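Subject: Handover of a structure

Dear colleague,

I am passing this structure on to you. Please have the sequence and the 3D view open while you read the notes below it.

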Amino acid sequence: INISKGILIIDPSLLHKTGKHMEKANYHYSGITKKKEWGHMLVNSFFTDGNNSFPIKSDIYIRKIDTDESHPFKTVRQISIEQLEFAIKNKVPIWLVMFDAGVYADFVLQKIKSYGLKYISGIRITNNISIGGEERINVGNYMNNISEKDYNKFEIRGENYFLHAQEIYSRSIGKEKLLISYKES
């Protein structure tokens, strides 16, 4: 197999369960329903270079109340870093790491940057940013103050997408590029 440099995608996923006596199952926040749901939280990492795609690692997140000596507590972010380190140790040719806002944290970004890798991450609208040395504001307030003309329009497969890009500064991280996008309708 000829594998090119590619992307490591890290994604915590809720596996819904119905059995209330299932080992290590508990209530976890669901990104889909936006509420706590019963099941297992699985942290997955996946590699793709556009031609080749394969799973890297999967680990169950166990809530602190369910841990024991054989299953010590680790946060989703700690598990994500371990999966990144596993991929690097096994020489998976990564140039970019992608993950959602649930994994985003200063120490995660710093770890990724320490390996010389790029990243794309979802963030919460409550994250504070500074633009051009101005006072810090949260992303939600920034979004409320940009207009339609601040977006570039792209047509992809007959559908319209809008993208706004802004250089920002985040405390503990430094200079970053904020991307805000949405699909028409």
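What follows is a short account of what was found, from the whole chain down to single residues.

The model is predicted.

**The chain as a whole**

The chain has 185 residues, and 35% of them are buried. Three helices and 11 strands were assigned. In sequence order the elements run β-β-β-β-α-β-α-β-β-β-α-β-β-β. The C-alpha trace spans about 55 × 40 × 40 Å along its principal axes. About 12,000 Å² of the chain is exposed, and carbon and sulfur atoms supply 51% of that area. Among contacts with a separation of 6 or more, 47% are between residues 24 or more positions apart.

**Two buried residues in strands**

Ser45 belongs to strand E3, which covers residues 36-48. Its relative accessibility is 1%, so Ser45 counts as buried. What does Ser45 touch, once neighbours within four places in sequence are left aside? The contacts are Leu8, Ile9, Ile10, Pro55, Ile56, Lys57 and Gln83. One of these, Lys57, also sits over the face of Phe86, 5.6 Å from the ring centre.

Tyr61 is in strand E4, residues 53-61. Is Tyr61 buried or exposed? Its relative accessibility is 17%, and the cut-off for buried is under 20%, so Tyr61 counts as buried. Not counting residues up to four places away in sequence, Tyr61 is in contact with His28, Met41, Val43, Phe73, Lys74, Thr75, Val76 and Ile79. The C-alpha atoms of Tyr61 and Pro12 are separated by 8.6 Å, and these two residues are 49 residues apart along the chain.

**Aromatic pairs**

The count of aromatic pairs is five. One of them joins Phe47 and Phe54: the ring centres are 5.1 Å apart and the planes are at 35°, so the pair is classed as tilted. Phe47 is buried, at 0% relative accessibility, whereas Phe54 is partly exposed, with a relative accessible area of 25%.

Another pair is made by Tyr61 and Phe73, with ring centres 6.1 Å apart and planes at 70°. Why is this pair of Tyr61 and Phe73 called edge-to-face? Planes over 60 degrees apart count as edge-to-face, and the planes here are at 70°. The pair links distant parts of the chain, with Tyr61 in strand E4 and Phe73 in the loop between E4 and helix H1 (76-89), 12 residues apart. Phe73 is partly exposed, and its relative accessible area is 29%.

Elsewhere in the chain, Tyr151, Phe162 and Tyr182 form one aromatic cluster.

**A hairpin**

Strand E9 (residues 152-156) and strand E10 (residues 159-170) pair in the antiparallel sense, over five bridges. In one of the bridges, Ile156 is partnered by Glu159 in E10. How many residues lie between E9 and E10 in this hairpin? There are two, and Arg157 in the turn has a positive phi of about 50°.

**Salt bridges**

The number of salt bridges is five. Three of them are described here.

Lys111 forms a salt bridge with Glu85, with 3.4 Å between the closest N and O atoms. Lys111 is in helix H2 (residues 106-114) and Glu85 is in helix H1, so this salt bridge ties together parts that are 26 residues apart in sequence. Both residues count as partly exposed: Lys111 has 27% relative accessibility, and Glu85 has 28%.

The side chains of Lys183 and Glu159 also meet in a salt bridge, at 3.0 Å from N to O. This pair links distant parts of the chain: Lys183 is in strand E11 (residues 174-183) and Glu159 is in strand E10, 24 residues apart. Lys183 is partly exposed, with a relative accessible area of 42%, and Glu159 is partly exposed at 35%. Glu159 is also the bridge partner of Ile156 in the hairpin described above.

Lys149 and Asp150 make a salt bridge through their side chains, at 3.9 Å from N to O. Lys149 is exposed, with a relative accessible area of 71%, while Asp150 is partly exposed at 31% relative accessibility.

Regards

Terms used:
Residues are numbered from 1 along each chain as its sequence is written. This is a predicted model: local features need pLDDT of at least 70, side-chain atom pairs count only at pLDDT 80 or more; totals for chains, interfaces and linings use all residues. Side-chain values use heavy atoms; hydrogens and water are left out. Helices (H or I, at least four residues) and strands (E, at least two) are DSSP runs, numbered from the N terminus. Buried means under 20% relative accessible area, exposed over 50%, partly exposed in between (1.4 Å probe, protein chains only). Contact means heavy atoms within 4.5 Å. Rings of Phe, Tyr and Trp (its six-membered ring) pair if their centres lie within 6.5 Å; planes under 30 degrees apart count as stacked, over 60 as edge-to-face and the rest as tilted. A charge sits over a ring if NZ of Lys or CZ of Arg is within 6 Å of the ring centre and within 35 degrees of the ring normal. Two strands pair if DSSP finds at least two bridges between them. Accessible areas come from the Shrake-Rupley method with a 1.4 Å probe; for residues, only the protein chains shown count as cover. A salt bridge is a side-chain nitrogen of Lys or Arg within 4 Å of a carboxyl oxygen of Asp or Glu.
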